[in-house]
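Ready for some practice in reading a protein model? Work through the exercises below with the structure open beside you, and try each task before you read its solution.

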Amino acid sequence: ELVTVQLSPIPVHPHASKSVMTGRRPGSSQKKLSLNNHKDATRFKTQCSITSTEGTYEDWPGMVEALNVQIREMTEKHGPNHAKTLTVINELASVYREVSMSREALALYQEVYVGCQRSLGDSHPYTLASLSNLGTCLFECNQLDEARPLLEETLNKQSMLRGEKHLETLQTAHSLALLLEEQGLLEQAEPLYVRAYEGQKSQLGSTSPVVMQTAVNLAGLKQARGLLDEAEALDREAMQGCRELLGTCNEQTLQSGNCLARLLHEQGMLQESEELMLEVLEGRMRLLGESDPATLTTLNNLGGLYFTWGRWAEAEPHFFAALEGRRAVLGRQDPATLQSANNLAALFQARGRLDKAEPLYRESLAGRRNVLGDMHPDTLTSCSNLASLLHTLNQLEEAEKLMNEALNGRRLLLGNMHKDTLTSINNLAGLMRTRGKHEEAEDLYEEALRGRKDLLGSAHMDTLMTANNYGLCLMNRGLLGRAEEMF
């Protein structure tokens, strides 16, 4: 039962200041999407120039050359740790960051931070801005354990020195919330998102691009926690604001549309979701091109919608194009690529092509263990999905081990009443029944049915499926009277 196809949301990674000296933040982004998680890595940029530099990032080699000349001149005139020298080095790091040369950017941000410490001290606003930049860049390089203490230190010092409601403090709270969510720590991330959203909204107004980015990310978190009505209100508010402020063919508007479409999908509003996804896909292809990560995200999400709808022949080319594109653009170990491998495997399983599904599931699980860790929600999804396939293939011992891993992880991470936890309980019950362990299966079915009734209602498809399975289990035990009540 219930293989999880993951859609791609996108957090909005609020970049730390492009200029250490002015504290300007361009609000780049990633908004997350995923059927039971959410994630992708698309960027949109707000209007923000780099100090003393004109033009766009299309001419980034020329910008790099010009900035290197400036750095040499500033170093000769003022020294390597002067604020003016460090500002230009920071600008060069920002250029590398915008063209996805994160390793080069990371080395420069480290240089700026050390220079600010030496010349200005640990608590100067410029030092804190440079620490935030370094932490955010580590985050983008998937070095989450290294990034987290830097962002926590920045937030604590900014709260004390600049105030809890200062815009830079709120931006750091937003960045840290994104990181915690990426680590699967949803309960710790939510109050930071709320703090950033409410503080930014009170100072900048609800139609500020910064506020709309935070709203979209908070909506993604609420969706991941199953709070769909709250998520929908935030997503609709953000999309309406983007359309009014930025127009319909704007990267941020398209992102907010992508997020709302993914939420509508999860709510079962498939027709409205499809219309919005097709609009987003057309806009992204025109604005960004076929190979941009954002376009590939929409292809993945549209495939997921058709999968849910049972339109499998339409889902397959979308999933396949998303997987091939992500492998080419992002690499085989990128979380988005591993998500696409999971999704195409789920489709193959649904269509009975089990020999094609298994290697993709194993690729997704191995990659997620390596990149995200064993306890990440996406890794647990891969455990659950591969276990479901192995159950079908009658490889019951490995299936049981993986199902228990998924269930134990979800109980710990998401709680006993989360929909994914209830899916794991139902699936493990089915495996126990197959193995003839009917008493264990009965206890698990009873827990899954009670939870699904409370969470989803008695008439929901998943609740009815569990009731039917529970009834069959009771029949196997000869408890015909109790079984009849389930049907």
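## Exercise 1: A serine in a helix

Serine 340 is buried, with a relative accessible area of 1%. Keep in mind that you are looking at a predicted model.

**Task.** Find the helix that holds serine 340, then find the side chain that serine 340 joins in a polar contact.

**Solution.**
- Step 1: Look along helix 14, which covers residues 335-350; serine 340 has its place there.
- Step 2: Check the burial. The cut-off for buried is under 20% relative accessible area, and serine 340 has 1%.
- Step 3: Follow the side chain. A polar contact of 2.8 Å links serine 340 to the side chain of arginine 326.

## Exercise 2: Checking the span of a helix

**Task.** Work out what span helix 10 should have, and compare it with the distance between its end C-alpha atoms.

**Solution.**
- Step 1: Note the size of the helix. Helix 10 runs over residues 251-266, which is 16 residues.
- Step 2: Use the rise of 1.5 Å a residue, multiplied by one less than the number of residues. The expected span is 22 Å.
- Step 3: Compare. The end C-alpha atoms of helix 10 are 23 Å apart, which agrees with the expectation.
- Step 4: Look at the surroundings. Helix 10 is mostly covered, with 16 of its 16 residues buried.
- Step 5: Look at both ends. At the N-terminal end, asparagine 250 acts as a cap, with a side-chain oxygen 2.8 Å from the backbone nitrogen of glutamine 252. After the helix comes glycine 268, whose phi is positive, near 85 degrees.

Now visit a residue of helix 11, methionine 277. Methionine 277 is buried too, at 1% relative accessible area. Its C-alpha atom and that of glycine 257 are separated by 7.4 Å, although the two residues are 20 residues apart along the chain.

## Exercise 3: Salt bridges across the chain

**Task.** Which parts of the chain does the salt bridge between glutamate 190 and arginine 225 tie together? Then do the same for glutamate 274 with arginine 311, and for arginine 369 with glutamate 405.

**Solution.**
- Step 1: Start with the total, which comes to 29 salt bridges.
- Step 2: Take the pair of glutamate 190 and arginine 225, whose closest N and O atoms are 2.3 Å apart. Glutamate 190 lies in helix 7 (residues 186-204) and arginine 225 in the loop between helix 8 (209-224) and helix 9 (228-246), so this pair ties together parts that are 35 residues apart in sequence. Glutamate 190 is buried at 13%, while arginine 225 is partly exposed at 32%.
- Step 3: Widen the view. Glu187, Glu190, Lys222, Arg225 and Glu230 are linked in a network of salt bridges.
- Step 4: Move to glutamate 274 and arginine 311, with closest N and O atoms 3.2 Å apart. Glutamate 274 belongs to helix 11 (residues 270-288), and arginine 311 sits in the loop between helix 12 (293-309) and helix 13 (312-330), so parts 37 residues apart in sequence are tied together. Glutamate 274 is buried, at 9%, and arginine 311 is partly exposed, at 25%.
- Step 5: Finish with arginine 369 and glutamate 405, where the closest N and O atoms are 2.7 Å apart. This pair links helix 15 (residues 354-371) to helix 17 (residues 396-414), with the two residues 36 residues apart. Arginine 369 is partly exposed at 28%, and glutamate 405 is partly exposed at 25%.

## Exercise 4: Parallel or antiparallel?

**Task.** Are helix 4 and helix 5 roughly parallel or roughly antiparallel to each other? Repeat the exercise for helix 1 and helix 2.

**Solution.**
- Step 1: Read the angle. Helix 4 (residues 125-140) and helix 5 (residues 144-161) pack at about 155 degrees, and their axes are 8 Å apart.
- Step 2: Apply the cut-off. Angles over 145 degrees count as roughly antiparallel, and helix 4 and helix 5 are therefore roughly antiparallel. Their crossing is left-handed.
- Step 3: Turn to helix 1 (residues 60-78) and helix 2 (residues 83-98), whose axes come within 9 Å and cross at roughly 165 degrees. That makes helix 1 roughly antiparallel to helix 2. The crossing of this pair is left-handed.

## Exercise 5: An asparagine in a loop

**Task.** Where does asparagine 394 lie, and is asparagine 394 buried or exposed?

**Solution.**
- Step 1: Locate the residue in the loop between helix 16 (377-392) and helix 17.
- Step 2: Compare with the cut-off for exposed, which is over 50%. Asparagine 394 has a relative accessible area of 55% and is exposed.
- Step 3: Check the backbone. Asparagine 394 is not a glycine, yet its phi is positive, at about 65 degrees.

Methods:
Residues are numbered from 1 along each chain as its sequence is written. This is a predicted model: local features need pLDDT of at least 70, side-chain atom pairs count only at pLDDT 80 or more; totals for chains, interfaces and linings use all residues. Side-chain values use heavy atoms; hydrogens and water are left out. Helices (H or I, at least four residues) and strands (E, at least two) are DSSP runs, numbered from the N terminus. Buried means under 20% relative accessible area, exposed over 50%, partly exposed in between (1.4 Å probe, protein chains only). A polar contact is a pair of N or O atoms within 3.5 Å; within protein, one must be able to donate a hydrogen and the other to accept it, and residues adjacent in sequence count only if both atoms are side-chain atoms. A salt bridge is a side-chain nitrogen of Lys or Arg within 4 Å of a carboxyl oxygen of Asp or Glu. Axes are lines fitted to C-alpha atoms, for helices over the stretch in contact, and angles run from 0 to 180 degrees between N-to-C directions. Angles under 35 degrees count as roughly parallel, over 145 as roughly antiparallel, 65 to 115 as roughly perpendicular and the rest as oblique. A crossing is left-handed if the near helix is turned anticlockwise from the far one by less than a right angle, and right-handed if clockwise.
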